[in-house]
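Here are some short exercises on a protein model. Try each task before you read its solution.

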Amino acid sequence: MVILSLSPRSYVTEAFDLLYMPFSEYIYNTFVETGENWWDIYIHKTKKDIFEKYNLTLPKKGSLINLRAYYDELALFKLVLHPTVSSVFMPKVEIISISNKLKLVRNNWAHREKEHTFSWADKALELMINLVVEIGAGDVAEKIRILYDRMHVDIKYRDRKIVCSSDDLKMFLENELFLKNEALLSAGVSTLSKHELNEVRRKIKHSREMLDCVTTAEGVIAFFWNAIIYKNDSFEIARKFGVTFEEKRDEFDKICYG
């Protein structure tokens, strides 16, 4: 059995998905601070340059919802770099510099026929981490860092076989995470609120149900990493009293690859 690693392009896709929400919100908030006419000045007056040949009809009034409805990552980068708009972001020159580099990454990403290397993906994720740090989205920076770590684990084990079954991995999660955390909750060693207690128990139950449907080791590995990258609040609560997925990464990898 061999690990089904994601391609370099897939990692960049996932990182862009993480980047998009805080970046679009940051751009929206920055525009709003400039005054009531920001939608006309920065959106309507630049749309032909941003969207080139598209005869696009934009809403008359601006909102975060409307911005996200029409602007993908590439359009946002082009917007920040536009001569009419860049002065708004000039106090943070680094944002303009990183946006320029990520615009090139996004253009490269759009061409599926190109060879996308892990070196390329490595630099792309580093740029995205730097950007979300610059805009004050530290929680998203952490998620992309974990995705970056996962990519490097995949690179390390790319040509190595998985030496365990899905049942082995499920048993590890059951014994080392679910049962241990449930035991600690039952022992009353935590200072969690009743709502937090219920959330943790509900999430453990839901995780078991999800894993019941997984039939391959690759699927359990994907579940494990997603639990780290897309932190669920109730799993985050475990930091206060019990065992987290992050703490079990080395043990989990050893079971996977020997």
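The exercises below go from the whole chain to one helix pair, a core and a single residue; the model is predicted.

**Exercise 1. The whole chain**

Task: Find how many helices and strands the protein chain has, and what share of its residues is buried.

Solution:
- Step 1. Count the elements. The protein chain has 14 helices and zero strands.
- Step 2. Read their order. From the N terminus on, the run is α-α-α-α-α-α-α-α-α-α-α-α-α-α.
- Step 3. Check burial. Of the 258 residues, 48% count as buried.
- Step 4. Take the dimensions. Along the principal axes, the C-alpha atoms fill a box of roughly 60 × 45 × 30 Å.
- Step 5. Look at the contacts with a separation of 6 or more. Residues 24 or more positions apart account for 75% of them.

**Exercise 2. Two helices**

Task: Decide how α1 is oriented to α7.

Solution:
- Step 1. Locate the pair. Helix α1 covers residues 8–32, and helix α7 covers residues 93–110.
- Step 2. Take the geometry. Their packing angle is about 140 degrees, and the axes are 12 Å apart.
- Step 3. Classify the angle. Over 145 degrees would count as roughly antiparallel. At about 140 degrees, α1 is therefore oblique to α7.
- Step 4. Add the handedness. The crossing of α1 past α7 is left-handed.
- Step 5. List some residues at the meeting place. On the α1 side they include Arg9, Phe16 and Tyr26. On the α7 side they include Ile95, Leu102 and Trp109.

**Exercise 3. The core**

Task: Name the residues that touch the most other members of the largest nonpolar core.

Solution:
- Step 1. Set the scale. The largest nonpolar core has 86 residues.
- Step 2. Pick out the best connected members. They are Val12, Ile27, Phe31, Tyr71, Leu173 and Phe245.
- Step 3. Ask which element gives the most to this core. It is α1, with 11 residues.
- Step 4. Follow one member. Beyond its neighbours within four places in sequence, Tyr71 is in contact with residues including Tyr20, Ile43, Phe51 and Leu79.
- Step 5. Set this against a general tendency. In soluble globular proteins, nonpolar side chains tend to be buried together.

**Exercise 4. One serine**

Task: Is Ser24 buried or exposed?

Solution:
- Step 1. Place the residue. Ser24 lies in helix α1.
- Step 2. Apply the cut-off. Buried means under 20% relative accessible area. Ser24 has 0%, so Ser24 is buried.
- Step 3. Find what Ser24 touches. Residues up to four places away in sequence aside, the list is Leu64, Leu67, Arg68 and Leu76.
- Step 4. Look for a polar partner. The side chains of Ser24 and Arg68 are joined by a polar contact of 2.8 Å.

Notes:
Residues numbered from 1 in each chain as written. Predicted model: local features only at pLDDT ≥ 70, side-chain atom pairs only at ≥ 80, totals over all residues. Heavy atoms only, no water. Helix = DSSP H or I, 4+ residues; strand = E, 2+ residues; numbered from the N terminus. Buried < 20%, exposed > 50% of the residue type's maximum accessible area, 1.4 Å probe, protein only. Polar contact = N/O pair within 3.5 Å; in protein donor to acceptor, adjacent residues only side chain to side chain. Contact = heavy atoms within 4.5 Å. Core = buried A, V, L, I, M, F, W, Y, C linked by side-chain atoms within 4.5 Å. Axes fitted to C-alpha atoms, helices over the stretch in contact; angles between N-to-C directions. Parallel < 35°, antiparallel > 145°, perpendicular 65-115°, else oblique. Left-handed = near helix turned anticlockwise from the far one by under 90°.
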